[in-house]
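Me: Got a minute to go through a structure with me? I'd like to start with the empty space inside and then move on to other things.
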Amino acid sequence: MTSETLSNLSHEERRFPPPADLAAAANVKAEAYAAASQDFEGFWATQADRLDWGQKWDRVLNWDNPPFAKWFEGGTINAAVNCVDRHVDAGNGDKVAIHWVGEPEDDTRDITYAQLQDEVNKATNALVSLGVTKGDRVAIYLPMIPECVFTMLACARLGAPHTVIFGGFSADALASRITDCGAKVVVTSDGGYRRGAPSALKPAVDEAVAKVDGLVEHVLVVRRTGQDDIAWNDDVDVWWHELVEQQSTEHEAELHDAEHPLYVMYTSGTTGKPKGILHTTGGYLVGTSYTHWAVFDLKPETDVYWCTADVGWVTGHSYMVYGPLANGATQVMYEGVPDAPHKGRWWEIIEKYGVTIFYTAPTAIRTFMKWGKEIPDKFDLSSVRVLGSVGEPINPEAYVWYRDTIGAGETPVVDTWWQTETGQILISPLPGVTEAKPGSAMTPLPGIDADVVNDEGESVPDGSGGYLVLRKPWPAMLRTIWGDDERYKDTYWSRWPGVYFAGDGAKKDEDGDIWVLGRVDDVMNVSGHRLSTTEIESALVSHPKVAEAAVVGAADEMTGQAVCAFVILRESAGGESGDALVQELRNHVAKEIGAIAKPRQILIVPELPKTRSGKIMRRLLRDVAEKRDIGDVTTLADSSVMNLIQSGMSSGSSDE
Ligand code: PRX
């Protein structure tokens, strides 16, 4: 973030107060902030009381052994019972939980809470029949179909932590995640629909299962696309429709310890190895359900909520599955892309189901801006009353377009800051309270202690920038990195004692409101997807023709950042260069990590800029990738390197 951008942000003078009627009826009012700061634990206990517990907790927070938190210690709870059974028991069995919309037109399914209960129980019994017991891990590699939700909740019901792997990851990435968390069952489908065409998933699972050496005992396969050419191994593979459909709809749920693992979600860090972020049951459900109710002002009786995130990411977990279902919401779940079969598909869905709360990512908003407002203008979007944004900083221009075009110029936009690790939204406006500024996540939510600090860990004054930190634990926080407590401590809690460092830079404006600026570490954010520069570098150097690689995230108008790679070839590559090789390397990254990590641009270079101690100066590479004048090169071991790289800019690059 340049100082110019910083000063532009601070000149933002537009203010959007909450609509009066929304403010008057809001779930959360301004008093909540003071109440939470006066009695932190009491505040979270009150939110926990919104859920159904078996044994009530003895202690709200045990922080005796930081950074290892225990929330609602001694309490017992079942996430699936809270997301499903309790709504049926309360007489809401006929209420729609999920309006599912397949990508092919007219392929829809409305699932009530009573039906959801039957489906989850059948899936639970099916997993039991495959030998899954409490504590076992189950990997899920599915498109956005209801069976994905059924499986997650079935795992939660059993106490078998799930790990959902986004469909855009490759067989190799799948195999390393299966191995890391030791999953014995994988749930997948033959394929899913992508822009009107079936796209296979099972072949990647087959390849991954072969790689993990007998670890996976069963693969449960949903028939979604009906592709008839999929390979089948009778010893391992089982069809969902054959196994699950014959199961009983009854299942007696056990209440699990509040700290029982709920799921592991892999995310990129600053090293080559993805981190398995562990979330546990009680605190996670409290954090996600409270924030979903507070930030979106959810009125479960009347609202129709829609979060467009894929269930393979944390947003899909917290704000499509656990938060909304724990709150008894009616929601939309859409399988496909925004432009299939036409560019108005999302708005058509909003109109059809009367969506009132809509949650999406800035990269999508910018894409719609590019397509033009005439497209959403053709649809009746008057049902919408709260808009949300997540995943990356939202630029004021996109924010205002979103508010004006989708929100008729009067709908509050909540810019929600959080992370895979935080599990729940931590910094966001409240739609009935906050006078919002376009592009700012504004203030920490009630019960959250966030700050911006300098290198010494001291709070910076208003009007200055620094690092975003959290000073107190919060209920949905990660508990550790799966199997690696040391890495958990080092990564998040070692920079300043007792303080969680999020990896983001932020600024406090003159009013003390927070503007999140993006990552300050080697993590990139491409279309709201988190990617590690190091991980892509190691994928590149695993190619036999590559000697060295450096990857940077360069600013990109559409995707926020884009992956740009600089590659030095091995002698054995024989001076090869040009488009064919660049394509080969891009495909290699897709194979190693997944299509989402494919570099936008690869430059074959003779040298990389390094300091005298051998550290690659990514800052200079970013200058090159963003076509800026390069900054200070005096610390380089060999300052002529930059000339060589720049002269190579025109050759050997590939833009898609
Ligand atoms: O850099 C921040 C950015 O996304 C990162 C977290 O990515 P991930 O774990 O994949 O979770 C994404 C969905 C919660 C953060 O460290 N980020 C997320 N939300 C915002 C954001 N940056 C600015 N403003 C936001 N609202």
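Me: What volume does the largest cavity have?
Reply: The largest cavity comes out at about 50 Å³. Keep in mind that this is a predicted model.

Me: Ok, and how many cavities of 30 Å³ or more does a search of the whole structure find?
Reply: The search turns up 3 of them.

Me: Which residues line the largest cavity?
Reply: From the early part of the numbering you get F16, P17 and P18. The rest of the lining is R403, P412, V413, V414, P429, L430, P431, T434 and A436.

Me: How does that lining of the largest cavity divide by class?
Reply: There are 10 nonpolar residues, 1 polar and 1 charged.

Me: And the second largest cavity, how much space lies in there?
Reply: About 40 Å³. Its lining is made by C155, A156, G159, A160, P161, H256, H260, P261, L262 and T281.

Me: Which helix and which strand each supply at least two residues of that lining?
Reply: For the second largest cavity those are α7 (146-158) and β14 (261-267). By class, the lining of this cavity has 6 nonpolar and 4 polar residues, with no charged ones.

Me: Let's go to pockets. How much space lies in the second largest pocket?
Reply: About 270 Å³. It is lined by 21 residues, and the closest to its centre are T270, K275, T491, Y492 and D521.

Me: Which element gives the most to the lining of that pocket?
Reply: That's α17, with 5 residues. Both α17 (485-493) and β24 (500-508) supply at least two residues of the lining of the second largest pocket.

Me: What about the classes in the lining of that pocket?
Reply: The second largest pocket has 8 charged, 7 polar and 6 nonpolar residues in its lining.

Me: Switching topic: what domains is the chain divided into?
Reply: Domain 1 covers 112-254 and domain 2 covers 527-654. Over C-alpha atoms, the centres of domain 1 and domain 2 are separated by 37 Å. Their contact takes 6 residues from domain 1 and 7 residues from domain 2.

Me: How much area do domain 1 and domain 2 bury between them?
Reply: About 540 Å², and 49% of it is on carbon and sulfur atoms.

Me: Which residues in domain 1 lose the most area to domain 2?
Reply: F169, S170 and D172 do, and together they make up 56% of what the domain 1 side buries.

Me: How many salt bridges does the rule find across that interface?
Reply: Between domain 1 and domain 2 there is 1 salt bridge. As for D172, its side chain meets that of K591 in a salt bridge, at 3.4 Å from N to O.

Me: And what does the salt bridge count come to by this rule?
Reply: It comes to 43 salt bridges.

Me: Which residue forms a salt bridge with K202?
Reply: D237 does, with the closest N and O atoms 2.9 Å apart. This pair links distant parts of the chain, with D237 in strand β12 (residues 237-239) and K202 in helix α9 (residues 202-211), 35 residues apart.

Me: Now the backbone. Where are there cis peptide bonds?
Reply: One cis bond runs from P66 to P67, with omega near 5 degrees. P67 is in the loop between β1 (59-65) and β2 (68-73). The bond from A340 to P341 is cis too, with omega near -5 degrees. P341 has its place in the loop between β17 (330-334) and α13 (345-353).

Me: What phi does D213 have?
Reply: D213 has a positive phi of about 55 degrees, although it is not a glycine. You'll find D213 in the loop between α9 and β11 (218-222).

Me: Why point out cis bonds and a positive phi?
Reply: Because most peptide bonds are trans, and most residues other than glycine have a negative phi.

Technical notes: Residues numbered from 1 in each chain as written. Predicted model: local features only at pLDDT ≥ 70, side-chain atom pairs only at ≥ 80, totals over all residues. Heavy atoms only, no water. 1 Å grid on protein atoms, 1.4 Å probe; cavity = no way out; pocket = protein on both sides within 12 Å on 5 of 7 lines; lining within 4 Å. Points joined across faces, edges and corners; volume = space filled by probe spheres on them. Helix = DSSP H or I, 4+ residues; strand = E, 2+ residues; numbered from the N terminus. Nonpolar A, V, L, I, M, F, W, Y, C, P; charged D, E, K, R; others polar. Domains from an automatic or database assignment. Contact = heavy atoms within 4.5 Å. Buried area = accessible area lost by both parts, 1.4 Å probe. Salt bridge = Lys/Arg side-chain N within 4 Å of Asp/Glu carboxyl O.
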